[in-house]
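The following exercises concern the domain interface and the internal space of a protein model. Each task is followed by a solution in steps.

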Amino acid sequence: MAKFDTLCVRAGYNPKSGDANVTPIVQSTTFTYDTAQEMADLFDLKRDGFFYTRLSNPTNRVLESKMAALEDGVGAIACASGMSATLLAVLNVCNSGDNIISSNQIYGGTFNLFKTTLVKYGIETRFVDPNASYEEINKLVDENTKIIFAETVSNPTIVVLDFDKWSKVAKDNNILFFVDNTLSTPALIKVKDYGADVALYSSSKYLDGHAVALGGIIVDLGTFNFKNNKRYPEFNVPDESYHGLVYADLNKTAFVTKCLAQMIRDLGAIMSPMNAFLTNLGMETLGLRMERTVSNAAKVAKFLSENKNVEWIHHPSLKTDPYYEIANKYMPKGVTGMMSFGVKGGREKAVKFMENLKMIKMVTHVADSRTCVLHPASTTHRQLSDLDLKKAGIPDNLIRLSVGIDDIEDIISDLSQALENI
Ligand SMILES: *Cc1c(COP(=O)(O)O)cnc(C)c1O
């Protein structure tokens, strides 16, 4: 198989003689056929092809095949957003009465989904510190546990996941292991190698990379055996809403097929072909961008760790970071461009620092080509009291910095002058 950077450029699209050399945007909801039989076969999944864009579209298919190739997975689904990707993947296996065991260091939107919205539908989440022991995590499992959920690296706390420990809980109990790998991407870690069964992405971040298209991707890594697994009865009985198909009989593609046949069919929430085109275009440079991102991030982390106006800093490239060893074990090329640090002098100085920045902009977004910052205490987490902030591991002087691919000298010179003048 071709190497990573080649797959980024080419996977999923193989133009024939006279075809467009670049993936076209197929901006059409429907596809036409000459005979009723051809269409019937499509509906019955007897042949591959396109009939309605909610279920499949040629532009989306290119992006999905590319992601599956990059992850060594068996299939992928491009969704409207990272949130919808997580929601659809969860609902594909959880019914009312089921539960999820999740790291408590996860993206705020996912935390709210698990903590508030899913509860209304009878799905419970048992949150646990990602650094809890195997025994502590394992004892949360019961016969209704359907998913073990964690993120490769958390934001803004920058906790790097101990994959071996988390995947062992999943494997020992024969439970699906979902990993949200948004902030590291397949360029830095192939989560399949460390026990993940399903990889989830907000493609709005590094995959698109230019902050132009909202999207999410579910990748089925084809590793989980549903056959006769009593924990997942729905995979082992005929789906009367889909011609009596028994998903477990499909072996490796059981998860992605059920997700498409039931979840996408009934809940929609697919990526638009235009966004699939933009995301696919952005992904051509994923390998290149991540290489520069982590090399810039390591230099910025070193600079900040030596600055007199910086109280503390979390980035796993630093030898002094508690996650340095574990980061090297799983992601020797680098972990992410995300980091957080504390400005000396508390909340007021943190805000002053941010307002002093000239090139680096304040935005809610992270993980694209432009270096950007956010002060969670006065923005995303402003509803929380100082005490609640502390409990969430977010000091009031914390700055979240997403290092991009700007020239390193320009990034450091802007940070330097802004810190100098607090
Ligand atoms: C942004 C993000 C999401 C949500 O994705 P959207 O595309 O904004 O819906 C999920 N997980 C992580 C880690 C994220 O950073």
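**Exercise 1: The domain interface**

Describe the contact between domain 1 and domain 2 in this predicted model, beginning with how many residues take part on each side.

Solution. Step 1: 33 residues of domain 1 touch 34 residues of domain 2. The bounds behind this count are 4-283 for domain 1 and 287-420 for domain 2, and the C-alpha centres of the two domains are 29 Å apart.

Step 2: The area buried between domain 1 and domain 2 is about 2700 Å², with 61% of it on carbon and sulfur atoms. On the side of domain 1, Ile158, Leu188 and Tyr206 together provide 28% of the area buried against domain 2, more than any other three residues.

Step 3: Polar contacts across the interface of domain 1 and domain 2 amount to 16 residue pairs. One salt bridge is also found across this interface.

**Exercise 2: A salt bridge**

Show that Lys329 and Asp164 satisfy the salt-bridge criterion.

Solution. The criterion requires a side-chain nitrogen of Lys or Arg within 4 Å of a carboxyl oxygen of Asp or Glu. The closest N and O atoms of Lys329 and Asp164 are 3.0 Å apart, and the pair therefore qualifies.

**Exercise 3: Internal space**

How many cavities of 30 Å³ or more does the structure hold, and which residues line the largest cavity?

Solution. Step 1: There is one cavity of 30 Å³ or more, and the largest cavity contains about 50 Å³ of space.

Step 2: The lining of the largest cavity consists of Leu176, Asp197, Val198, Asp220, Gly222, Thr223, Phe224, Phe226, Lys252 and Phe255.

Step 3: Sorted by type, the lining residues of the largest cavity comprise five nonpolar, two polar and three charged.

Key: Residues are numbered from 1 along each chain as its sequence is written. This is a predicted model: local features need pLDDT of at least 70, side-chain atom pairs count only at pLDDT 80 or more; totals for chains, interfaces and linings use all residues. Side-chain values use heavy atoms; hydrogens and water are left out. On a 1 Å grid over the protein atoms alone, a cavity is a set of points where a 1.4 Å probe fits but cannot get out, and a pocket is an open set with protein on both sides within 12 Å along at least five of seven lines; lining residues have an atom within 4 Å of a point. Grid points are joined across faces, edges and corners, and a volume is the space filled by probe spheres set on the points. Ala, Val, Leu, Ile, Met, Phe, Trp, Tyr, Cys and Pro count as nonpolar, Asp, Glu, Lys and Arg as charged, and the others, Gly among them, as polar. Domain bounds come from an automatic or database domain assignment. Contact means heavy atoms within 4.5 Å. Buried area is the accessible area (1.4 Å probe) that two parts lose on being put together, summed over both. A polar contact is a pair of N or O atoms within 3.5 Å; within protein, one must be able to donate a hydrogen and the other to accept it, and residues adjacent in sequence count only if both atoms are side-chain atoms.
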